[in-house]
Amino acid sequence: NVNFTGYLAQDQIRESIAKADICLGIFGQTEKAKRVIPIKVYESLAMSRPTVTGESQAAKELLTDRKDILFCRLANAEDLAEKLLILKNDKGLRQKIAENGYQLYKNKLRPEMLGRELLEIIS
């Protein structure tokens, strides 16, 4: 089942992610969708949730398909549905993506790490 919730406050977003079996990223064909990794993907990684998002150059710079994320083709509902079924039917892959995504967050994406990196770049 997919639930469309509309706007949620930040604490409600965390609750929804915690309850989710699979989280969704960004899938559009817009220029923005091609150049960003949305915060909801970072939040899903931080909360050890297997996540599906559209394959873009931005996403491929950080994430690895079938390791810490599952990519689908942008603006392709059939491919998204196929990827969701793959995760639904493969508990091992779901667990692997969730665990590796969390390790990526823990090792590279925590705010203090990003802050240090930004300070180094500025210096």
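The paragraphs below lead through a predicted model, beginning with its nonpolar cores and then turning to its helices, its cysteines and one lysine.

A useful place to begin is the interior, since in soluble globular proteins nonpolar side chains tend to be buried together. In this model the largest nonpolar core consists of 11 residues, namely Ile37, Val41, Leu45, Ala58, Ala59, Leu63, Ile69, Phe71, Leu104, Tyr105 and Leu109. Three helices each give two or more residues to this core, and they are H3 (39-46), H4 (57-62) and H6 (91-109). Of these, H6 supplies the largest share, which amounts to three residues. Apart from this core there is a second, separate one of eight residues, and among its members are Phe27, Val52, Leu93 and Ile97.

One residue of the largest core, Leu45, can be followed outward through its contacts. If neighbours within four places in sequence are left aside, Leu45 touches Leu63, Asp68, Gly101, Tyr102, Leu104, Tyr105 and Leu109. Leu45 also takes part in the meeting of two helices, where Tyr42, Leu45 and Ala46 of H3 are in contact with Gly101, Tyr102, Leu104, Tyr105 and Leu109 of H6. Sorted by class, the residues of this contact are seven nonpolar and one polar, with no charged residue among them.

How are these two helices arranged? Two packed helices are described by the angle between their axes and the distance between the axes. For H3 and H6, the axes come within 7 Å and cross at roughly 105°. Because an angle of 65 to 115 degrees counts as roughly perpendicular, H3 and H6 are described as roughly perpendicular to each other.

H6 also packs against two other helices. With helix H5 (residues 77-89), H6 packs at an angle of about 100°, and the two axes are 5 Å apart, so H5 and H6 are likewise roughly perpendicular to each other. In this contact, Ile86, Leu87, Lys88 and Asn89 of H5 meet Lys91, Leu93, Arg94 and Ile97 of H6, and these residues divide into four nonpolar, one polar and three charged. With helix H7 (residues 111-122), the axes come within 7 Å but cross at roughly 40°, and H6 and H7 are therefore oblique to each other. Here Tyr105, Lys106, Asn107, Lys108 and Leu109 of H6 meet Pro111, Met113 and Leu114 of H7, a contact with five nonpolar, one polar and two charged residues.

Returning to H3, the reader may ask which of its residues are buried. They are Val41, Glu43, Ser44 and Leu45, and the buried residues of H3 pack against helix H1 (10-19), strand S1 (23-24), strand S2 (51-54) and H6. Ser44, a residue of H3, has a relative accessible area of 2%, which means that Ser44 is buried. Beyond the neighbours within four places in sequence, Ser44 is in contact with Ile17, Cys23, Arg49 and Thr51. Just after H3 the chain reaches Ser48, which takes a positive phi of about 55°.

The contact between Ser44 and Cys23 leads on to the cysteines. How many disulfides does a search of the whole structure find? The search finds zero, and Cys23 accordingly belongs to none, with the nearest cysteine sulfur, that of Cys72, lying 14 Å away. Why is there no bond between Cys72 and Cys23? The 14 Å between their sulfur atoms is too far for a bond, because a disulfide calls for two cysteine sulfur atoms within 2.5 Å. Cys23 counts as buried, at 7% relative accessibility, and Cys72 is also buried, with a relative accessible area of 1%.

The last stop is Lys34, which is found in helix H2 (residues 31-35). Is Lys34 buried or partly exposed? Lys34 has a relative accessible area of 31%, and since buried means under 20% and exposed over 50%, Lys34 is described as partly exposed. With neighbours within four places in sequence left aside, Lys34 is in contact with Gln29, Ser56, Gln57, Ala58 and Leu74. Among these partners, Ala58 is also a member of the largest nonpolar core. Leu74 lies 40 residues from Lys34 along the chain, while the C-alpha atoms of the two residues are separated by 8.4 Å.

How values were computed:
Residues are numbered from 1 along each chain as its sequence is written. This is a predicted model: local features need pLDDT of at least 70, side-chain atom pairs count only at pLDDT 80 or more; totals for chains, interfaces and linings use all residues. Side-chain values use heavy atoms; hydrogens and water are left out. Helices (H or I, at least four residues) and strands (E, at least two) are DSSP runs, numbered from the N terminus. Buried means under 20% relative accessible area, exposed over 50%, partly exposed in between (1.4 Å probe, protein chains only). Contact means heavy atoms within 4.5 Å. A nonpolar core is a set of buried Ala, Val, Leu, Ile, Met, Phe, Trp, Tyr and Cys residues joined through side-chain atoms within 4.5 Å. Axes are lines fitted to C-alpha atoms, for helices over the stretch in contact, and angles run from 0 to 180 degrees between N-to-C directions. Angles under 35 degrees count as roughly parallel, over 145 as roughly antiparallel, 65 to 115 as roughly perpendicular and the rest as oblique. Ala, Val, Leu, Ile, Met, Phe, Trp, Tyr, Cys and Pro count as nonpolar, Asp, Glu, Lys and Arg as charged, and the others, Gly among them, as polar.
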